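Work through the exercises below with the sequence and the model open. Each task is followed by a solution in steps.

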Amino acid sequence: MINYFDDYANLCFEKFGDRVKHWITFSNPWAVAEKGYGTGEHAPGLKLGGCGAYKAAHHIIKTHAKVWHSYNNTWRNEQQGMVGISLTSAWGEPVDPHSQTDRDAAERYIQFHLGWFANPIYKGDYPEVMKNYVGRKSAQQGLGTSRLPTFSVQEKTYIKGTSDFLGIGHFTTRYILQKSFPFLQVSSYHTDSDLAELVDPKWPAPGPKWLYSVPWGFRRLLNFIKTQYGNPLIYVTENGVSEKVQCTQLCDEWRIEYLKGYINEILKALNDGVNVRGYTAWSLLDKFEWNKGFFERFGFYHIDFKNKEKPRYPKASVDYYRNIISANGFPNSREVMSTANFIFFFYFFLQWADISLNFMKQLLISILQKIYISYILLISQILDSLITHMEMVTEIIFPTVFTLCILISIVLLIFYLFQNNR
């Protein structure tokens with residue numbers, strides 16, 4: 001199977017490598033291995049318990065390394081591209097940060113998720129804590145060898161360093177504490193780590209039952225990667241939230257809040273020295289989500305799946321994210337509010353003057369709909385921002401002068417229209 005996948009990858013390099021410069025061998029291999037070959041929740045739906053997930057992951061890691069070496073040996077000099085892997089992991093925070101037991105459990109949580117794949121690629125072998133815990137549980141079952149496969153010396157050398165960048169998918173956080181499971185004749189990945197997951201009931205839960213909005217966890221995860229793996233080049237490949245119920249009005253303000261919080265934590269991580277190069281929100285469109293099908297909607301664009309034409313409708317978060325992309329950061333709150341205030345004033349002025357310019361009103365209504373969410377959210381940003389005196393001068397005087405000029409023009413236009421109607 002490893003060679004088949006390598007043949008497929010080389011075909012992709014041959015046909016698309018002159019244009020595609022960033023390659024991801026596997027996206028979220030944790031879900032593929034654990035959900036696909038452990039619990040059977042995802043395709044191919046095999047319920048192989050405490051062995052299947054580890055064997056699947058073992059082959060995925062070796063396949064990734066094979067593909068990286070193929071690109072490195074055959075295509076890199078000509079195409080000058082990069083090959084990496086995208087790993088998805090939540091952050092694990094100790095319930096009691098003063099408890100060594102809880103701190104160890106939280107560390108174990110990260111190693112059983114992120115470290116399962118990242119450690120072999122960056123350090124050459126599985127995390128020691130995984131080898132110890134799975135090995136001990138396997139011995140308790142009377143097995144002669146650990147259910148966690150081993151790499152040969154040659155394989156460790158071959159796998160280590162096979163990533164030009166690390167893709168990271170992140171959605172949520174858990175509180176972690178130690179929990180010793182009783183002896184089970186048939187153990188599983190989830191009982192091997194001897195820990196329990198908790199959530200804070202105060203955390204916002206805008207999406208499915210597993211996805212709580214905990215932005216500060218992202219910064220800690222990124223700093224963990226920096227410390228553990230030598231500050232690799234990182235691309236955030238997945239980050240977003242779905243919705244519990246379909247929003248018929250497309251006003252997904254909870255998604256805007258989620259994005260604002262998580263992107264802000266990435267900015268903090270950048271200031272910490274984490275080598276984050278890019279960010280991709282999940283996802284552009286509502287789409288097929290694993291075993292949830294079309295029920296979970298992560299997209300910026302709502303898709304009417306019942307319509308054979310599958311029409312697309314932008315949600316409110318489209319404009320918010322577009323503004324972030326255009327500004328390469330959060331929009332300036334005072335500029336946005338000044339523009340918004342002007343448009344609101346202009347609209348109601350036309351209403352008062354009772355001028356028959358319906359096309360202008362329709363234009364303004366369209367603009368108002370687009371800026372409404374950004375306007376409300378950016379009010380709160382004033383309280384969070386520390387603006388220097390010079391910034392206040394430039395951000396208040398210039399918009400004010402601009403607004404006055406527009407208002408004078410409006411008055412002159414109205415005077416002209418009244419004169420022509422006499």
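**Exercise 1: the surroundings of Tyr 279**

Leaving aside neighbours within four places in sequence, Tyr 279 is in contact with Val 236, Asn 239, Leu 259, Ile 263, Ile 266 and Tyr 321, where contact means heavy atoms within 4.5 Å. The model is a predicted one, in which local features need pLDDT of at least 70, side-chain atom pairs count only at pLDDT 80 or more, and totals for chains, interfaces and linings use all residues. Residues are numbered from 1 along each chain as its sequence is written, and side-chain values use heavy atoms, with hydrogens and water left out.

Task: place Tyr 279 in a secondary-structure element and state whether Tyr 279 is buried, partly exposed or exposed.

Solution.
1. Tyr 279 belongs to strand 8; helices (H or I, at least four residues) and strands (E, at least two) are DSSP runs, numbered from the N terminus.
2. The classes are buried (under 20% relative accessible area), exposed (over 50%) and partly exposed in between, with a 1.4 Å probe and protein chains only.
3. Tyr 279 counts as partly exposed because its relative accessibility is 22%.
4. Gly 169 lies 110 residues away from Tyr 279 in sequence, with a C-alpha to C-alpha distance of 9.9 Å.

**Exercise 2: the sheet of 5 strands**

Task: give the strand order of the open sheet of 5 strands and name its edge strands.

Solution.
1. The order is 1-2-4-7-8, and the pairing is parallel; two strands pair if DSSP finds at least two bridges between them.
2. Strand 1 (22-27) and strand 8 (276-279) are the edges, each pairing on one side only.
3. Neighbouring strands of this sheet are turned against each other by 30° on average, direction ignored.
4. Between strand 1 and strand 2 (residues 82-88) there are 4 bridges in the parallel sense. Trp 23 stands opposite Val 83 of strand 2.
5. Helix 4 lies across strand 2 and strand 4 (166-169), at about 155° to strand 2. Axes are lines fitted to C-alpha atoms, for helices over the stretch in contact, and angles run from 0 to 180 degrees between N-to-C directions.

**Exercise 3: the sheet of 3 strands**

Task: describe the pairing in the open sheet of 3 strands and find the helices that lie across its strands.

Solution.
1. This open sheet has the order 3-5-6 and mixed pairing. Its edges are strand 3 (91-94) and strand 6 (195-198), each paired on one side only.
2. The twist from one strand to the next averages 40°.
3. Strand 3 and strand 5 (residues 173-178) run parallel and are joined by 4 bridges. Trp 91 stands opposite Thr 173, and Gly 92 has Arg 174 as its bridge partner.
4. Strand 5 and strand 6 run antiparallel, also with 4 bridges; Gln 178 has Leu 195 as its bridge partner there.
5. Helix 4 (residues 100-123) lies across strand 3, strand 5 and strand 6, at about 125° to strand 5. Helix 8 lies across strand 3 and strand 5, at about 100° to strand 3.

**Exercise 4: helix 8 against helix 9**

Task: characterise the packing of helix 8 (residues 216-228) and helix 9 (residues 253-271).

Solution.
1. The two axes come within 8 Å and cross at roughly 35°.
2. The crossing is right-handed, that is, the near helix is turned clockwise from the far one by less than a right angle.
3. Helix 8 contributes Trp 216, Phe 218, Arg 219, Leu 222 and Asn 223, and helix 9 contributes Tyr 262, Glu 265, Ile 266, Lys 268 and Ala 269.
4. These contact residues comprise 6 nonpolar, 1 polar and 3 charged. Ala, Val, Leu, Ile, Met, Phe, Trp, Tyr, Cys and Pro count as nonpolar, Asp, Glu, Lys and Arg as charged, and the others, Gly among them, as polar.

**Exercise 5: backbone exceptions**

Most residues other than glycine have a negative phi, and most peptide bonds are trans.

Task: where do the cis peptide bonds from Ala 43 to Pro 44 and from Trp 282 to Ser 283 lie, and where are Gln 80 and Asn 231, which have positive phi?

Solution.
1. The bond from Ala 43 to Pro 44 has omega near 5°; Pro 44 is in the loop between helix 2 (29-37) and helix 3 (49-79).
2. The bond joining Trp 282 and Ser 283 has omega of about 5°, and Ser 283 is in the loop between strand 8 and strand 9 (301-303).
3. Gln 80, with phi of about 55°, lies in the loop between helix 3 and strand 2. Gln 80 is exposed, at 57% relative accessible area.
4. Asn 231, with phi near 50°, lies in the loop between helix 8 and strand 7 (234-238). Asn 231 is partly exposed, at 26% relative accessibility.
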